[in-house]
Structure formats: C-alpha cells, structure tokens
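Thanks for asking me to look this over. Here are my notes, point by point, to read with the model open beside you.

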Amino acid sequence: MRNRSLSPATRAAQALRMIDEVTGAVVPPLDLSSTYARDADYALRQGNIYGREGGPTLAHAEAVLASLDGAEAALGFASGMSAAVALFETLRAGDHVVAPEVMYHGVVGWLMRMAELRGLEVDLVDASQPGALEAAIRPGQTRLVWAETPANPSWDVVDIGAVAAATHAAGARLAVDCTAAPPCTQLALELGADYAFQSGTKYLGGHSDLTAGVLSTNQVDETWAEVATVRKLMGTILSPFPAWLMVRGMRTLFLRYERASENALALAEWLEGHPGISKVLYPGLPSHPGYEVAKRQMTGGFGGMLSVLVKGTVEQTCDVVRFCEVFVPATSLGGVESLIEHRKVVEGPFSVVPETLIRISTGIEDIDDLRADLAQALERAL
C-alpha cells in the first residue's frame with residue numbers, strides 16, 4: 001500500500017494497509033512501550049530501543065504522512081511549535097530568515113526570541129504583496145525562508161513555486177506551513193518547498209483530541225539529521241497514543257476536508273453580501289487577491305478557514321462570537337466541530353490583526369445550521 005501509483009485518498013483511508021499479521025486486525029495496532037528488549041544476542045529486534053527515539057506506532061504515522069506529502073521522510077513532534085523550533089534550531093547566529101508578518105503568532109514569537117537571544121537576523125514582510133518574500137531574500141546570507149499559505153488569520157496566499165525558485169537561487173531553503181492546506185489539497189514539496197510543516201493537531205488529527213506537529217522533506221541530509229537529533233535531545237517526540245490518533249485522523253482526512261471546504265465556501269459567499277460584514281477573507285472567493293494562485297495550488301478545495309471583518313465596534317465583534325450557539329468559541333482549527341474566535345484577543349497586544357476580525361473554522365455540521373447560527377448572532381450583536 002505504499003505504492004504511490006494508488007490514489008492518495010486510498011492510501012490515507014487504509015493507512016498504508018497496516019494489517020496485523022498475527023490477528024488480522026484491520027485497525028492499525030497501538031504500541032505504547034517506552035523501551036524495547038533486545039534478543040538473546042543483545043541485538044535490536046526491529047531497530048527500536050527507547051521511546052524518546054521513536055517506536056512502531058510513530059513510525060507508522062510518519063510513513064502515512066510521508067506517503068501523502070510525497071516525501072522521502074517525515075518526523076512527528078509533540079506539538080506544532082516543537083516541530084517549528086526543531087527546524088529553527090539548525091540555524092546559527094547571523095543567519096538570515098525571511099518570514100511573513102502575518103502568520104501563526106507562536107512562530108513569530110519564537111523568531112523574535114531567537115533574534116534577541118541568539119543573534120538571528122529576521123525580516124518579517126507583508127506576504128500579501130506578490131514578490132515580497134522573494135524581495136527580502138539576501139543571496140549568500142539568507143538560510144531559511146518560512147512561508148505560510150494560506151496564512152493565519154488573513155488567509156493570504158503565497159505562490160510556493162515562485163518563492164522556492166528565488167529561495168534556491170539564493171542558496172537558501174524554503175519551509176512552508178501547510179496547516180490550513182494539508183496534503184489532500186496542497187503538496188508543498190511537489191511545488192518546490194524543501195520542508196512541509198503542519199500542526200498535526202489540526203486537519204491531520206481532525207477531532208480536537210491530540211496535540212502534534214510534523215515536518216516532511218525530500219532533503220534527507222545533515223540538516224534533516226540535526227532536526228531529528230534536536231527532537232531526541234529536547235524530548236519533543238510525538239508519543240504513541242497521539243501518533244495513533246493522528247493515523248486515525250488521516251484515514252478520514254480527504255472526506256473531512258472536502259466537507260469543511262464546502263461549508264466554508266458557502267458561508268463565505270453568503271457573508272460577502274451580509275450588511276453587517278465589511279470584508280470576507282477566504283481564498284476560495286474570486287474577490288480574494290490570491291484566488292488564482294490558490295486555485296492552482298489547492299487542488300482539493302480551499303479549506304475550512306475564513307475570517308470576516310465586522311461592521312461595528314470591538315464590543316459588537318466580541319458579541320457576535322458570544323452570541324453563537326452552534327459555533328464553539330474556542331481556539332484551534334481543522335476539527336469536525338465549527339469554531340469561532342475574536343482573533344485579536346487570542347494573539348495578544350502585539351498582534352497586527354484588525355480588532356474587528358473574527359476567525360472561523362468550519363467543521364462538518366449541516367450548513368443550514370451554521371448559516372442560521374451566524375445570522376442570529378450578527379442580528380443580536382449589530
């Protein structure tokens with residue numbers, strides 16, 4: 001089942017057909033052991049030695065992800081942040097990093113910390129402007145370009161191929177945060193990225209019941225080996241049970257993402273004409289500046305993430321969130337339930353997000369219920 005001539009949806013649904021040879025169990029086994037006994041000759045039985053370095057369940061999750069991402073290798077981490085940090089830990093003082101100013105705020109915070117404490121040079125640019133990331137690259141000095149597409153929470157779209165060409169011409173490498181566009185819709189490595197990053201907590205897990213981060217690559221070299229070493233030494237490996245949950249989530253990834261995309265597009269189209277909304281940010285709308293690039297890159301749908309700017313005060317914006325009865329007021333995305341949040345509050349005082357922006361993650365509920373819930377909340381608040 002690792003044959004990539006098969007549809008990725010088939011490979012995902014059967015989790016690479018990991019059927020237990022002894023029992024015939026269709027559900028992949030869960031190995032919770034933290035240590036592994038050697039054989040009579042004191043040799044490793046199947047290469048496993050200690051849980052901090054991995055085990056069979058994590059290896060299976062990484063194999064499924066690598067297959068879907070079209071990667072040579074993948075690594076699972078205890079959280080999305082720990083995966084990003086492991087890659088940044090391969091940088092040295094004086095190295096230059098280019099990244100968007102609007103992206104997941106945790107990564108921005110870590111880069112600023114690295115700049116202050118480690119002497120990393122960081123340029124944060126307006127990636128909503130075509131060519132902005134490319135223009136900030138310094139040949140010979142830039143070592144890593146970090147892109148996020150679509151970018152949280154503005155859902156700006158970056159042309160991965162164009163950024164990859166400029167990055168490689170300068171002797172640097174490109175990492176793309178694909179959290180909002182998992183491999184069922186966007187293949188960053190195929191488009192030219194060196195590393196694909198995702199928060200496995202989101203669409204890969206898909207049920208809001210695990211925390212995980214993943215990296216995948218086709219550049220299996222000294223830098224990749226250093227990332228794996230950082231993971232081991234920092235103790236940030238993905239544990240067996242969340243790895244098993246992530247395998248379960250990836251088996252339904254294509255179906256869940258398709259339904260979430262359908263719901264998000266329907267809401268975006270409806271909200272675009274709503275008198276209480278000044279702007280809808282969703283890459284699946286023709287009015288979105290990145291629509292054409294997104295249509296080319298996101299071949300399996302535009303995803304379940306959208307943001308809206310409310311015509312009203314900050315207090316009224318918060319009221320829209322408070323008055324929802326179907327949407328859950330919580331942080332995260334990519335689960336089966338629909339979530340809503342006032343993003344400025346979540347990101348804190350250094351956020352560049354507009355004060356009237358509401359971020360929405362659509363789940364797999366009935367679209368009529370979701371639309372009706374937002375309609376009554378907007379009516380009450382405004």
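1. In which sense do strand β2 and strand β4 pair, and over how many bridges? β2 (residues 96-100) and β4 (residues 142-148) run parallel, and three bridges join them. To find the pairing on screen, start from V97, whose bridge partner in β4 is L144. Please keep in mind throughout that this is a predicted model.

2. Now for the sheet around that pair. Seven strands form an open sheet in the order β1-β7-β6-β5-β4-β2-β3, and the pairing is mixed. At the edges are β1 (73-77) and β3 (121-125), each of which pairs on one side only. From one strand to the next, the twist averages 20°. Helix α7 (residues 222-234) packs on this sheet and touches β1, β4, β5 (173-177), β6 (195-199) and β7 (213-217). The direction of α7 makes about 20° with that of β1.

3. Next, a helix pair to look at. Helix α2 (residues 56-69) and helix α8 (residues 240-251) have axes that come within 8 Å and cross at roughly 35°, and the crossing is left-handed. On the α2 side, the contact is made by T57, L58, H60, A61, V64, L65 and L68. On the α8 side, P240, A243, W244, M246, V247 and M250 take part. By class, this contact has eleven nonpolar residues, two polar ones and no charged ones.

4. A second helix pair involves α3 (residues 80-88) and α4 (residues 105-118), which pack at an angle of about 30° with their axes 10 Å apart. Here the crossing is right-handed. M81, A84, V85 and F88 of α3 meet G106, V107, W110, L111 and M114 of α4. The residues of this contact are eight nonpolar and one polar, with no charged residue.

5. If you are interested in open spaces, turn to the largest pocket, with a volume of about 590 Å³. Its lining has 32 residues, and S128, Q129, D156, V157 and P289 lie nearest the centre. Elements that each supply at least two lining residues are α5 (132-136), α6 (160-169) and β8 (277-281). The lining divides into 20 nonpolar, seven polar and five charged residues.

6. There are also enclosed spaces: the count comes to four cavities of 30 Å³ or more. The largest cavity holds about 70 Å³ of space. It is lined by 13 residues, and G51, G54, G55, L58 and P240 are the closest to its centre. Helix α2 gives the largest share of this lining, three residues. L58 and P240 also belong to the contact of α2 with α8, a link between this cavity and point 3. The lining of the largest cavity has six nonpolar residues, six polar and one charged.

7. The second largest cavity has a volume of about 40 Å³. Its lining consists of P100, E101, V102, V125, D126, A127, S128, A151 and D156. By class, these are five nonpolar, one polar and three charged residues. S128 and D156 should look familiar from point 5, where they are among the residues nearest the centre of the largest pocket.

8. Some backbone details deserve a look. As background, most residues other than glycine have a negative phi, and most peptide bonds are trans. The peptide bond from T149 to P150 is cis, with omega near -10°. Another cis peptide bond joins N152 and P153, with omega about 0°. P150 sits in the loop between β4 and α6, and P153 is found in the loop between β4 and α6 too. S208, in the loop between β6 and β7, has a positive phi near 55°.

9. Finally, where does K311 lie? K311 is in the loop between β9 (305-310) and α11 (314-323). Leaving out residues up to four places away in sequence, K311 touches P275, G276, I277, S278 and L382. K311 and A166 are 145 residues apart along the chain, and their C-alpha atoms are separated by 39 Å.

Technical notes. Residues numbered from 1 in each chain as written. Predicted model: local features only at pLDDT ≥ 70, side-chain atom pairs only at ≥ 80, totals over all residues. Heavy atoms only, no water. Pairing = 2+ DSSP bridges. Helix = DSSP H or I, 4+ residues; strand = E, 2+ residues; numbered from the N terminus. Axes fitted to C-alpha atoms, helices over the stretch in contact; angles between N-to-C directions. Contact = heavy atoms within 4.5 Å. 1 Å grid on protein atoms, 1.4 Å probe; cavity = no way out; pocket = protein on both sides within 12 Å on 5 of 7 lines; lining within 4 Å. Points joined across faces, edges and corners; volume = space filled by probe spheres on them. Nonpolar A, V, L, I, M, F, W, Y, C, P; charged D, E, K, R; others polar. Left-handed = near helix turned anticlockwise from the far one by under 90°.
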